[in-house]
Amino acid sequence: MKKYKDVCNLNSKKSPSTGTSIAFYGKSPWKGLKGPYMFFEVSDCSNKIRLHNSQIDTPADFLRKMKKLQKQVNDFVDFLEKV
């Protein structure tokens with residue numbers, strides 16, 4: 001099985017904040033979950049959100065979820081650049 005893991009610090013090196021994003025694709029740590037485990041996690045200081053594939057999600061379902069998130073982030077960045 002292919003594996004992917006990427007961790008990105010979202011703040012500058014001078015910042016005391018602990019913002020990160022993590023992207024993961026690989027073998028599930030749970031025996032009951034067949035197929036790959038995927039998640040995308042964003043955290044900042046004391047808050048965190050993880051989008052993941054559930055047992056009923058197909059890889060295509062998770063990819064659609066991530067594309068929706070990507071579009072919303074891109075749209076918001078475009079807006080912020082214009083204000």
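The protein chain has a mean pLDDT of 92, and 100% of its residues reach 70 or more. The structure is a predicted model, and its confidence varies by element: the lowest value falls in strand 3 (residues 36-44), with a mean of 94, and the highest in strand 1 (residues 4-9), at 97. Where pLDDT is low, predicted coordinates should not be read in detail.

Electrostatic pairing was examined next. Side chains of opposite charge can pair when their charged atoms come close. Five salt bridges are present in the structure. One of them links lysine 48 to glutamate 41, with 3.8 Å between the closest N and O atoms. Glutamate 41 also forms a salt bridge with arginine 50, and here the closest N and O atoms are 2.8 Å apart. The residues involved differ in their exposure to the surface. Glutamate 41 has a relative accessibility of 5% and counts as buried because this value is under 20%. Lysine 48, by contrast, is exposed at 60% relative accessibility, while arginine 50 is partly exposed, with a relative accessible area of 37%.

A further salt bridge pairs lysine 65 with aspartate 57, the closest N and O atoms lying 3.9 Å apart. Both of these residues are partly exposed: lysine 65 has a relative accessibility of 31%, and aspartate 57 one of 22%. Through shared partners, salt bridges join Glu41, Lys48 and Arg50 into one network.

The loop between strand 3 and strand 4 (47-52) contains cysteine 45. The backbone of cysteine 45 has a phi near 55°, a positive value in a residue other than glycine. Most residues other than glycine have a negative phi. Cysteine 45 has a relative accessible area of 54% and is therefore classed as exposed, the cut-off being over 50%.

Empty space at the protein surface was also considered. Rolling a probe the size of a water molecule over the atoms shows where such space is left. The largest pocket has a volume of about 260 Å³. Its lining consists of Phe40, Val42, Ile49, Leu51, Leu69 and Val73. Strand 3, strand 4 and helix 1 are the elements that each give two or more residues to the lining of this largest pocket.

A nonpolar patch lies on the surface, formed by Phe76, Phe79, Leu80 and Val83 and covering about 440 Å². Among these residues, valine 83 is placed in the segment after helix 1 (59-82). The relative accessible area of valine 83 is 71%, so this residue is exposed.

Aspartate 6 belongs to strand 1, the element in which confidence is highest, at 97. With a relative accessibility of 38%, aspartate 6 counts as partly exposed. Between aspartate 6 and tryptophan 30 there is a separation of 24 residues in sequence, and the C-alpha to C-alpha distance in space is 21 Å.

Terms used. Residues numbered from 1 in each chain as written. Predicted model: local features only at pLDDT ≥ 70, side-chain atom pairs only at ≥ 80, totals over all residues. Heavy atoms only, no water. Patch = residues over 30% accessible without salt bridge, like charges linked within 9 Å, V, L, I, M, F, W, Y side chains within 5 Å. Areas by Shrake-Rupley, 256 points an atom, 1.4 Å probe, with all protein chains shown as cover. Salt bridge = Lys/Arg side-chain N within 4 Å of Asp/Glu carboxyl O. Helix = DSSP H or I, 4+ residues; strand = E, 2+ residues; numbered from the N terminus. Buried < 20%, exposed > 50% of the residue type's maximum accessible area, 1.4 Å probe, protein only. pLDDT = per-residue confidence, 0-100. 1 Å grid on protein atoms, 1.4 Å probe; cavity = no way out; pocket = protein on both sides within 12 Å on 5 of 7 lines; lining within 4 Å. Points joined across faces, edges and corners; volume = space filled by probe spheres on them.
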